[in-house]
Structures are given as C-alpha cells and as structure tokens.
Amino acid sequence: MRAPGLVILTGAGISRESGLATFRDPDGIWAKVRIEDVATPEAFARDPARVHAFYNARRAQLRDPALQPNAAHLALAELDRRWPGEFLLVTQNVDNLHERAGTRRLLHMHGELMKARCRHCQTVRLWEEDLSTAVACPACGRAGGMRPHVVWFGEMPLEMERIGRALEGCGIFAAIGTSGHVYPAAGFVAEVAGRARTIELNIAASEVASDFDEAMLGPATETVPRLVAELLAEWGD
Ligand code: APR
C-alpha cells in the first residue's frame with residue numbers, strides 16, 4: 001500500500017531547545033516588544049530603523065555558531081529523506097534550522113530571516129548581515145527599499161496554493177510547537193480533519209488542540225524523534 005501524503009507544520013516551539021525564543025511563551029518575543037512596533041508594514045513605514053534593528057538582532061542570533069539544529073529538526077530531515085510518499089514541511093519559522101538540519105521538501109510560509117527583499121524591484125536574495133535603509137539593492141541599485149523577506153501581520157503568507165494542494169492530498173498531518181494563535185496556519189488541521197490522521201506535538205495544548213485526533217505532549221526533542229520512528233517503522237522504505 002502506498003504511503004499517505006504527509007504534511008508537517010512547525011512553529012517556534014521546535015526551535016526553542018536550540019535556544020531561540022518563542023513568541024507567546026511568558027519569556028517570548030511578544031512579551032518584550034509590541035507587534036505593532038516591529039512586525040507590520042505600518043511600523044516599517046513609520047520607523048524603518050527600529051524594524052531593521054529588531055530583525056538585525058534576530059538575524060545575528062542565527063549567525064551565532066552556538067545555535068544548532070536540535071534532535072527534532074534532525075528527525076524531520078531524516079523523515080523527509082526516507083518518506084516514500086508525498087512530503088511537505090511547512091514552517092512558520094523564519095529561522096534556517098530546518099534547512100541546516102537537511103530538510104529539502106520545505107516551505108517557509110512566513111518568509112526567511114536570512115533573506116532580504118527590495119520593495120522597489122521585489123528581488124529576493126540571501127542576506128546574512130545587518131540591513132538598513134542606507135543599503136542599496138544589488139539588483140536595481142536603489143536604496144531605501146530593502147526589507148527583511150519576512151511576512152508581517154496584515155500581509156499574505158507565502159505559497160498558499162502549494163500548501164493547499166499538499167493539504168488536499170495528505171493522509172497524515174502533524175503540527176509541532178505552534179500555539180494555534182495565528183491563521184491561516186492554525187486552520188490547516190480543520191481543513192484536513194476527518195480525512196487525515198491529525199497529531200499535535202507540543203508541551204501544552206494549543207488553541208486548536210481539540211481539532212486534533214491525537215496529541216503527543218513533551219519537548220519536541222523527545223516527541224518528534226518518537227513520531228518519526230513510528231511513521232518510518234510503519235511506512236518507511
Ligand atoms: N517543544 C514543543 N513545543 C514547545 C516547546 C518545546 N520545547 N517550547 C514551547 N513550545 C510550544 C508552546 O507551548 C507554544 O504552543 O511552542 C508554541 C509556541 O507558540 P508561539 O510562540 O505562538 O509560536 P508560533 O505558534 O510559531 O507563532 C506563530 O505568530 O508571531 C507570529 O509570525 C509569528 O510565525 C509566528 C506565528
């Protein structure tokens with residue numbers, strides 16, 4: 001029997017044990033800075049230097065050699081390598097730990113911290129250093145328009161058609177380390193409920209926990225390797 005299509009959704013909780021803060025935990029990012037001041041198009045129009053400083057600090061964390069993918073990221077990369085059917089890892093995270101762990105069939109629906117986009121010519125490119133309004137776009141040469149390639153509140157997430165197709169064809173959906181606060185990601189489980197096996201992996205029930213068939217409670221570095229071993233034992237090559 002063919003392996004079912006597999007869609008995995010991850011959130012900030014999967015990177016927590018690598019040392020990156022989540023957003024809504026008590027020590028999270030939104031406990032220290034307001035979304036309206038750093039993560040909306042209006043904030044960027046009002047005070048681009050403040051927005052750049054916020055993302056420059058988070059991008060600098062990703063350059064820290066101490067920051068490494070953890071066992072959960074590595075287990076998902078092995079699942080991607082060995083899953084014989086359709087597979088898509090949709091992450092809400094803008095960190096690069098999934099790709100550094102080796103996951104290939106990966107989609108960043110909220111963008112990527114290590115990429116920049118020019119508001120004048122829309123060119124997106126790898127960008128690992130600080131950004132500011134003084135930086136001229138290497139493609140069109142104009143300054144003042146370079147922004148983090150990150151989806152802000154009020155903006156459309158990326159590649160929603162591709163995500164919709166993957167959800168339509170999936171037989172197993174797992175959400176890992178996400179609080180279920182932010183749509184459309186929080187609504188994916190409702191889209192597949194009834195025709196896919198749905199599993200939530202978290203250290204606490206999310207806002208949409210009741211939409212899932214199953215839950216695995218515990219830190220991602222323990223629950224994700226366990227889920228991957230179970231799925232590969234049943235369906236692996
Ligand atoms: N293992 C598993 N889950 C964990 C761990 C851990 N070690 N630590 C925390 N969590 C869980 C928390 O219980 C919570 O449910 O991770 C989740 C983190 O939730 P949020 O901080 O809200 O992060 P996320 O769900 O990814 O936020 C979604 O909101 O701010 C926007 O764009 C931002 O992509 C982000 C989106």
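**Ligand site, cores and unusual backbone spots**

In this predicted model, the side chain of histidine 110 puts an N or O atom 2.9 Å from an oxygen atom of the ligand. Two further polar pairs involve ligand oxygen. One runs to alanine 12, where a polar backbone atom sits 2.8 Å from an oxygen atom of the ligand. The other involves threonine 178, with a polar side-chain atom 2.7 Å from an oxygen atom of the ligand. Taken on its own, the ligand has 740 Å² of accessible area, and the protein covers 93% of it. There are 21 residues around the ligand, and those that come nearest are Phe23, Arg24, Thr178, Ser179 and Asn202.

Glycine 177 is worth a look next. It is placed in the loop between strand 7 and helix 7. With a relative accessible area of 14%, glycine 177 falls under the 20% cut-off, so it is buried. Its contacts beyond four places in sequence are Gly11, Ala12, Gly13, Ile14, Leu201 and Asn202. Glycine 177 and alanine 12 are 165 residues apart in sequence, yet their C-alpha atoms are 6.0 Å apart. Two of these contacts turn up at the ligand as well: alanine 12 through its backbone, and Asn202 among the residues that come nearest.

The loop between strand 7 and helix 7 (188-192) also holds proline 184. Here the chain does something out of the ordinary trans pattern: the peptide bond joining tyrosine 183 to proline 184 is cis, with omega at about 5 degrees.

Now for the interior. In soluble globular proteins, nonpolar side chains tend to be buried together. The largest nonpolar core here has 25 residues, and Ile8, Leu76, Leu79, Trp83 and Val224 touch the most other members. Two or more residues each come from strand 1 (5-10), helix 4 (71-82), strand 2 (87-91), strand 7 (170-176), strand 8 (197-202) and helix 8 (220-235). Helix 8 is the top contributor, giving seven residues to this core. Isoleucine 8 shows how these pieces meet: sequence neighbours within four places aside, it is in contact with Leu76, Leu79, Phe87, Leu88, Leu89, Val90, Ala174 and Ile176. Another core lies apart from this one; it has 19 residues, including Trp30, Ala43, Leu67 and Leu113.

Helix 3 covers residues 48-63. Its 16 residues should span 22 Å at 1.5 Å a residue, and the C-alpha atoms at its ends are indeed 22 Å apart, so the two values agree. Which residues of helix 3 are buried? They are Val51, His52, Phe54, Tyr55, Asn56, Arg58, Arg59 and Leu62, a list with polar as well as nonpolar names on it. These buried residues pack against helix 1 (35-38), helix 2 (41-46), helix 5 (97-101), strand 4 (111-118) and strand 6 (146-150).

Histidine 52, in helix 3, makes a handy example. It counts as buried because its relative accessibility is 3%, under the 20% limit. Not counting residues up to four places away in sequence, histidine 52 touches Phe44, Leu131, Ser132, Thr133, Met146, Arg147 and Pro148.

Is histidine 120 buried, exposed or partly exposed? At 36% relative accessibility, it counts as partly exposed, since that class lies between the 20% and 50% limits. Histidine 120 sits in the loop between strand 4 and strand 5 (124-126). Its contacts outside the four-place window are Cys140, Arg142, Ala143, Gly144 and Gly145. With alanine 143 there is a polar pair too: the backbone oxygen of alanine 143 lies 3.2 Å from a polar side-chain atom of histidine 120. In contrast, glutamate 78 is 42 residues from histidine 120 along the chain, and their C-alpha atoms are separated by 39 Å.

Two non-glycine residues have a positive phi. Glutamine 122, in the loop between strand 4 and strand 5, has a phi of about 65 degrees. Its relative accessible area is 46%, so glutamine 122 is partly exposed. For glutamate 159, phi is about 55 degrees. Glutamate 159 is found in the loop between strand 6 and helix 6 (160-168), and its relative accessibility of 41% makes it partly exposed.

Note on methods. Residues are numbered from 1 along each chain as its sequence is written. This is a predicted model: local features need pLDDT of at least 70, side-chain atom pairs count only at pLDDT 80 or more; totals for chains, interfaces and linings use all residues. Side-chain values use heavy atoms; hydrogens and water are left out. A nonpolar core is a set of buried Ala, Val, Leu, Ile, Met, Phe, Trp, Tyr and Cys residues joined through side-chain atoms within 4.5 Å. Buried means under 20% relative accessible area, exposed over 50%, partly exposed in between (1.4 Å probe, protein chains only). Helices (H or I, at least four residues) and strands (E, at least two) are DSSP runs, numbered from the N terminus. Contact means heavy atoms within 4.5 Å. The expected span of a helix is 1.5 Å times one less than its number of residues. A residue is near a molecule or strand if one of its heavy atoms lies within 4 Å of it. A polar contact is a pair of N or O atoms within 3.5 Å; within protein, one must be able to donate a hydrogen and the other to accept it, and residues adjacent in sequence count only if both atoms are side-chain atoms. Accessible areas come from the Shrake-Rupley method with a 1.4 Å probe; for residues, only the protein chains shown count as cover.
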